[in-house]
Amino acid sequence: MEENVESCTSKVIFCLTLLFFLFGCGQEKITYQKVDANKTKELMDQGATLIDVRELVEFKDGHIPKAINIPSDEVADKVEVLFQKSEPIIVYCRSGSRSQMVAQTLVSMGYTHVYDLGSVDNWTLTELQEER
């Protein structure tokens, strides 16, 4: 009887360990990274795309050089057409709220290199360039 309990316990421990490795360790959770202006510049130099997720009128009032405008409510539809899931994407907005929401959306869509600059104010104001 004692052997059956030990055998059963060993089997349960083995199964739990196997489940842990299959479902716990086997899948790496993809998240986005918060970045500052310096890291943003570095990523852009390496080919990352900078997306301003503010509305067009906000974008026209001034934006970071080389940024493209895709308003937050259009990102999910447009990025799948424009970018591969492995391409690095950096997002920003006015306060950081919309960029955080968009970064989370991109990750949930399967994008693996997502970065959030947060507020446009995180970019130095002297480098903010109005491109009309």
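**Exercise 1. In this predicted model, determine how many bridges join β2 to strand β4 and in which sense the two strands run.**

Solution. Strand β2 is joined to β4 (residues 89-93) by 4 bridges, and the two run parallel. Within this pairing, T49 is the residue that stands opposite I89 of β4. Turning to the pairing with β3 (residues 68-69), one finds 2 bridges, again in the parallel sense, and here D52 stands opposite N69.

**Exercise 2. Place these strands in the order of the sheet, and explain why β1 and β3 are each left with one side without a neighbour.**

Solution. The open sheet is formed by 5 strands, whose order is β1-β5-β4-β2-β3 with parallel pairing. Because β1 (33-34) and β3 stand at the edges, each has a single partner strand, so that one side of each has no neighbour in the sheet. As a further step, helix α5 (residues 97-108) can be placed: it lies across β4 and β5 (114-119), and runs at about 150° to β4.

**Exercise 3. Work out which residues of strand β2 point one way and which the other, and whether they are buried or exposed.**

Solution. In a regular strand, side chains alternate between the two faces of the sheet. In β2 (residues 49-52), T49 and I51 point one way, whereas L50 and D52 point the other way, and all of them are buried. For D52 the relative accessible area is 0%, and this residue forms a salt bridge with R54, with the closest N and O atoms 2.6 Å apart. R54 counts as buried too, because its relative accessible area of 7% falls under the cut-off of 20%.

**Exercise 4. Identify the residue with which K34 forms a salt bridge, and compare the accessibility of each partner.**

Solution. The count of salt bridges comes to 6, and one of them joins K34 to D116, the closest N and O atoms being 3.4 Å apart. This pair links distant parts of the chain, since K34 belongs to strand β1 and D116 to strand β5, 82 residues apart. K34 is exposed, at 54% relative accessibility, whereas D116 is buried, with a relative accessible area of 0%.

**Exercise 5. Locate S72 and list its contacts beyond its neighbours within four places in sequence.**

Solution. S72 lies in the loop between β3 and α4 (75-82). With a relative accessible area of 16%, S72 is buried. Leaving aside the neighbours within four places in sequence, S72 is in contact with V53, R98, M101 and V102.

Key:
Residues numbered from 1 in each chain as written. Predicted model: local features only at pLDDT ≥ 70, side-chain atom pairs only at ≥ 80, totals over all residues. Heavy atoms only, no water. Buried < 20%, exposed > 50% of the residue type's maximum accessible area, 1.4 Å probe, protein only. Pairing = 2+ DSSP bridges. Contact = heavy atoms within 4.5 Å. Axes fitted to C-alpha atoms, helices over the stretch in contact; angles between N-to-C directions. Salt bridge = Lys/Arg side-chain N within 4 Å of Asp/Glu carboxyl O.
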